[in-house]
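Thanks for coming, everyone. Please take a moment with the sequence and the structure on the screen, and then I will talk you through a few parts of it.

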Amino acid sequence: MNISIIGLGYVGTVSAACLACKGHLVWAVDINSEKIRIVNEGGSPIVENGLADKVAEARRAGRLHATGDIEQALQETEICFVAVATPSRPNGQIDPTHLLRACEQIARALVKLDRSQVVIIRSSVLPSVLKCCEDVLNAIAPGKTKLCVNPEFLREGTAIRDFENPPFTLLGVEEPTVELVLRSLYIDFGSPLYVLPPQEALLVKYASNVYHALKVAFANEIGTLCESSGINGQAVMSMFCRDNRLNISARYLMPGFAFGGSCLPKDLRAILQLAKQSDLDLPLINALFASNEKVIERAVRQVMDAGVRRVGLIGLSFKPNTDDLRESPYVEIAERLLGKGCDLRVYDPNVLLARLTGANKDYIDRVIPHLSRLLVPSLADLADSELVIVGHNYTEVAAFLETVDTTVVDLTGQHARPTLKAELV
Ligand SMILES: NC(=O)c1ccc[n+]([C@@H]2O[C@H](COP(=O)([O-])OP(=O)(O)OC[C@H]3O[C@@H](n4cnc5c(N)ncnc54)[C@H](O)[C@@H]3O)[C@@H](O)[C@H]2O)c1
């Protein structure tokens, strides 16, 4: 394929050299003449393991050219990657100046050349910035570009290895013809390739980096806590990492409702108490209860905003498939809705059973007798609710929701495809 890449930074140079070494013809464009010179002389403009060799190999094969002339590059190529920097503004917002300038240059060149091009944003941006790119391209060169995204997951230091063996290739593309072109580019990469709507693909990149930051901060706080008690934090965390069922896994990573139950809140409180006794500041771990509380508050607000009175709640125990009600966030939401005057009914077959027989009967009678009285024996008893809160995703829930014409607040995230919130875009 004939490819242009705008931006000879870490992402751009690695992509350019690796794609050229795979046999593509690559035109790399930068505004920095020194970088152009270095690449054309067969060297690397950045310090990165093995990159100078890759650039030299690509140059020797005559498949990599660097230029400051975007028109020259676009004339030669079918698809154009944009990998310019997207730094932070002082307020944390993305500064899109370089990216929008690059889009403007691409559009102007395409008008002059009277041709169209697939434009793939490789830079990390949020959906609002992608929309600005689209607006710039369409304003200057209407109908001449097909815009999509292809977030990059490489790490500096191991960039070539990461580029050639990514965990997956992610395309944010809506048009099938463009998808086909990009699929053919990545066909021999040997990693899975996934296609999402562009907005989702962009957020996968951000979720990944935020999660990496979260992991580092979490490990450091556990390490600090261990150290203050004379315990080897490295040993603790290396054993922690061996659990790839619950710890290093997809468990607990789906957006849904708040945590609760008989263990998580209790053990979190114990760790926070230990930190306090040791005069340790652990801001991340300390923030977990506040974060959890926000989830409950948001759910209550969602129900109250609907302006209804008759509410059905599916699920009361702290998670599905148990009758354990200790520190259940569903009990919490039920209490708050009752406090706000809602006429509440609750469906939870496990709790219903426990009320009659189980070991939890005493807890139910003693601690939540008022909620226990609201339990109904079947989902059909919630049919005349003005709003139904889906807390637990029992198998019969989907069919039930099909039969009722009621507002649904889905705490499981599994009954409605979530729409992007304004604060994210
Ligand atoms: N560095 C990484 O490890 C990494 C990994 C994944 C994603 N990303 C993302 O990729 C993007 C690029 O990051 P980077 O670290 O490679 O940036 P960088 O700062 O190293 O390089 C950007 C290059 O773009 C050039 N440039 C700026 N405006 C231009 C224009 N109008 N025309 C041509 N060239 C132009 C600059 O001269 C510079 O050489 C960012 O959005 C970043 O968040 C970076």
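Let me begin with the shell around the ligand, to which helix α5 gives the most, with 4 residues. I should say at once that this is a predicted model, so please keep that in mind as we go along. There are 26 residues around the ligand, and those that come nearest are G7, G9, A85, S123 and S124. If you look for elements that give two or more residues to this shell, you will find α1, which covers residues 10-21, and again α5. In character the shell is mixed, since its residues divide into 11 nonpolar, 9 polar and 6 charged.

Now please stay with α5, which covers residues 97-113, and look at how its axis comes within 8 Å of the axis of α6, residues 127-140, with the two crossing at roughly 25°. Because angles under 35 degrees count as roughly parallel, α5 is roughly parallel to α6. The crossing of these two helices is right-handed. On the α5 side the contact is made by L99, L100, C103, E104, I106, A107, R108 and V111, while α6 brings V129, C132, C133, V136, L137 and I140. Which kinds of residue make up this contact of α5 with α6? They divide into 12 nonpolar and 2 charged, with no polar residue among them.

Finally, let us step back to the whole chain, which is divided into domain 1 (2-196), domain 2 (198-253) and domain 3 (291-410). Taken over C-alpha atoms, the centres of domain 2 and domain 3 are separated by 32 Å.

Definitions and conventions. Residues are numbered from 1 along each chain as its sequence is written. This is a predicted model: local features need pLDDT of at least 70, side-chain atom pairs count only at pLDDT 80 or more; totals for chains, interfaces and linings use all residues. Domain bounds come from an automatic or database domain assignment. Axes are lines fitted to C-alpha atoms, for helices over the stretch in contact, and angles run from 0 to 180 degrees between N-to-C directions. Angles under 35 degrees count as roughly parallel, over 145 as roughly antiparallel, 65 to 115 as roughly perpendicular and the rest as oblique. A crossing is left-handed if the near helix is turned anticlockwise from the far one by less than a right angle, and right-handed if clockwise. Two residues are in contact if their C-beta atoms, placed from the backbone, lie within 7 Å. Ala, Val, Leu, Ile, Met, Phe, Trp, Tyr, Cys and Pro count as nonpolar, Asp, Glu, Lys and Arg as charged, and the others, Gly among them, as polar. A residue is near a molecule or strand if its C-beta atom, placed from the backbone, lies within 6 Å of it.
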